[in-house]
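Hi everyone, thanks for making time for this one. I'd like to walk you through a structure, starting with how its helices pack. Here it is on the screen.

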Amino acid sequence: MLEELAAIKQEILEGIEKNATSRSNAFELRKQYLDSKVGKIGQLMKQMKTIAPEERAEFGKNVNELKNWALEKFTELDEKMKALELDLRYKSEKIDVTMPSKKVKTGNLHPITQMRNQLIDVFAGMGFEIYEGTEIENDYYNFTALNTPADHPARDMQDTFYLSPEFLLRTQTSAGQIHVMEAKKPPIKILSPGKVFRSDDDATHSPMFTQMEGLVVDEKITLCDLKGMLDVFVKKIYGENTTTRLRPSYFPFTEPSVEVDVSCFECGGKGCKLCKGTGWIEILGAGIVNRKVLENCDIDPDKYSGLAFGIGRYRY
Ligand code: PHE
């Protein structure tokens with residue numbers, strides 16, 4: 001009988017050795033010996049009746065000892081397995097905080113906003129201040145003060161969005177020139193970016209587009225200042241090899257007026273699809289501020305002169 005108990009003990013030790021891999025394996029093993037119904041040690045207890053009465057007490061004591069020993073062993077095993085599994089979990093869930101993080105993709109600025117920012121950078125570098133006008137203007141600022149006669153076609157309903165007989169959506173950022181010159185006396189150097197609106201809509205015309213107005217008013221401002229400043233600006237925006245060309249033009253609020261072309265940045269001036277074979281691309285309208293416009297703003301045209309330009313032309 002004692003041998004049988006020793007054999008079970010040995011079996012348990014070997015079993016523990018083999019099954020020390022997970023908590024569930026350890027639990028199954030424990031059941032094989034300690035389960036009250038099917039466990040081997042439980043079975044031994046049931047054999048009690050078949051033992052001779054004088055050996056019974058001794059047998060019971062030995063079986064009990066074995067049971068307690070096994071209980072201790074299995075509890076120990078269970079503790080070990082618990083620690084092992086926790087350890088494995090910690091290892092698998094370990095986070096390396098020094099790993100490079102996944103890049104979060106954010107949106108980009110709209111191309112028009114990017115262009116606007118670039119232009120502002122260039123002109124701010126030349127000392128321009130930003131003036132943002134309003135998109136709703138009245139007839140006086142958008143036309144009258146800018147020396148635009150009452151019969152000018154731009155004033156036509158077909159070209160301008162009127163909100164009322166007096167109010168309209170500005171057709172040009174030039175309206176801002178008047179506000180600035182009313183509020184401030186020379187020297188003036190402002191850049192005015194913004195949306196403008198014209199009642200025109202086809203494949204090449206959008207009813208809303210953006211312009212960037214520039215205005216410089218000081219003593220002795222000439223067309224040379226305009227040309228020199230534009231040369232710096234186009235080289236910064238379109239590249240060092242870009243050149244400019246001024247063509248005579250007409251705007252009611254500038255005299256003389258010019259249209260400014262840059263050598264085509266696609267073909268370098270040889271002529272291509274983009275520049276329609278001409279080698280030049282028109283980028284802005286400009287000129288020397290008309291005396292009448294200065295007078296409208298109470299600026300003495302004999303003392304001061306000004307230059308103005310509007311990037312982002314769109315012909316009436
Ligand atoms: N406002 C003119 C246009 O929209 C451009 C311009 C601005 C011309 C300033 C001369 C001076 O076409």
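Before the first pair, a quick word on how the angles are taken: axes are lines fitted to C-alpha atoms, for helices over the stretch in contact, and angles run from 0 to 180 degrees between N-to-C directions. And please keep in mind that this is a predicted model.

So, let's begin with α2 and α4. Helix α2 covers residues 23-34 and helix α4 covers residues 53-92; their axes cross at roughly 170° and come within 9 Å. Angles over 145 degrees count as roughly antiparallel, and therefore α2 and α4 are roughly antiparallel to each other. Which residues meet here? On the α2 side you have R23, A26, L29, R30, Y33 and L34, and on the α4 side K67, A70, L71, F74, T75, L77, D78, M81, K82 and E85. Sorted by class, the contact of α2 with α4 has nine nonpolar residues, one polar and six charged.

Helix α4 has another partner to look at. Helix α1, residues 2-19, packs with α4 at an angle of about 5°, and the two axes are 11 Å apart. With angles under 35 degrees counted as roughly parallel, α1 and α4 are therefore roughly parallel to each other. From α1, the residues involved are L2, L5, I8, K9, I12, L13 and I16, and they meet N62, V63, L66, W69, A70, K73, F74 and L77 of α4. By class, the contact of α1 with α4 has twelve nonpolar residues, one polar and two charged. If you like tracking individual residues, A70, F74 and L77 of α4 appear in the contact with α2 and also in the contact with α1.

Let me stay on α4 for a moment and pick out K67. K67 sits in helix α4, and at 32% relative accessibility it counts as partly exposed. Setting aside neighbours within four places in sequence, K67 is in contact with L34, I41 and M45. How far apart are K67 and I299 in space? From C-alpha to C-alpha they are 111 Å apart, with the two positions 232 residues apart in sequence numbering.

Now to another helix pair, α5 and α8. Helix α5 (residues 111-125) and helix α8 (residues 223-238) pack at about 135°, their axes 10 Å apart. That makes α5 and α8 oblique to each other, and their crossing is right-handed. The contact brings together M115, Q118, L119, V122 and F123 of α5 with M229, F233, K236 and I237 of α8. By class, the contact of α5 with α8 has seven nonpolar residues, one polar and one charged.

Next, α7, with residues 175-183. Are A175, G176, Q177, I178, V180 and M181 in this helix buried or exposed? They are buried. And what covers them? The cover on the buried residues of α7 includes strands β2 (136-138), β4 (188-197), β5 (208-218) and β9 (305-311), together with helices α6 (139-142) and α9 (291-296).

A few backbone details are worth a look while we have the model up. There is a cis peptide bond from P186 to P187, with omega near 5°, and P187 is in the loop between α7 and β4. Another cis peptide bond joins E255 and P256, where omega is about 0°; P256 is in strand β7, residues 254-263.

On to positive phi values. K220, in the loop between β5 and α8, is a residue other than glycine, yet its phi is positive, near 60°. K220 counts as exposed, at 71% relative accessibility. D298 is not a glycine either, and its phi is positive at about 60°. You'll find D298 in the loop between α9 and β9, where it counts as exposed at 68% relative accessibility.

Last topic: the cysteines. How many disulfides does the structure hold? Zero. As for the surroundings of two cysteines, C224 is exposed, with a relative accessible area of 64%, whereas C297 is buried, with a relative accessible area of 3%.

That's my tour. Thanks for listening, and I'm happy to go back to any part of it.

Methods: Residues numbered from 1 in each chain as written. Predicted model: local features only at pLDDT ≥ 70, side-chain atom pairs only at ≥ 80, totals over all residues. Heavy atoms only, no water. Disulfide = S-S within 2.5 Å. Buried < 20%, exposed > 50% of the residue type's maximum accessible area, 1.4 Å probe, protein only. Helix = DSSP H or I, 4+ residues; strand = E, 2+ residues; numbered from the N terminus. Parallel < 35°, antiparallel > 145°, perpendicular 65-115°, else oblique. Left-handed = near helix turned anticlockwise from the far one by under 90°. Contact = heavy atoms within 4.5 Å. Nonpolar A, V, L, I, M, F, W, Y, C, P; charged D, E, K, R; others polar.
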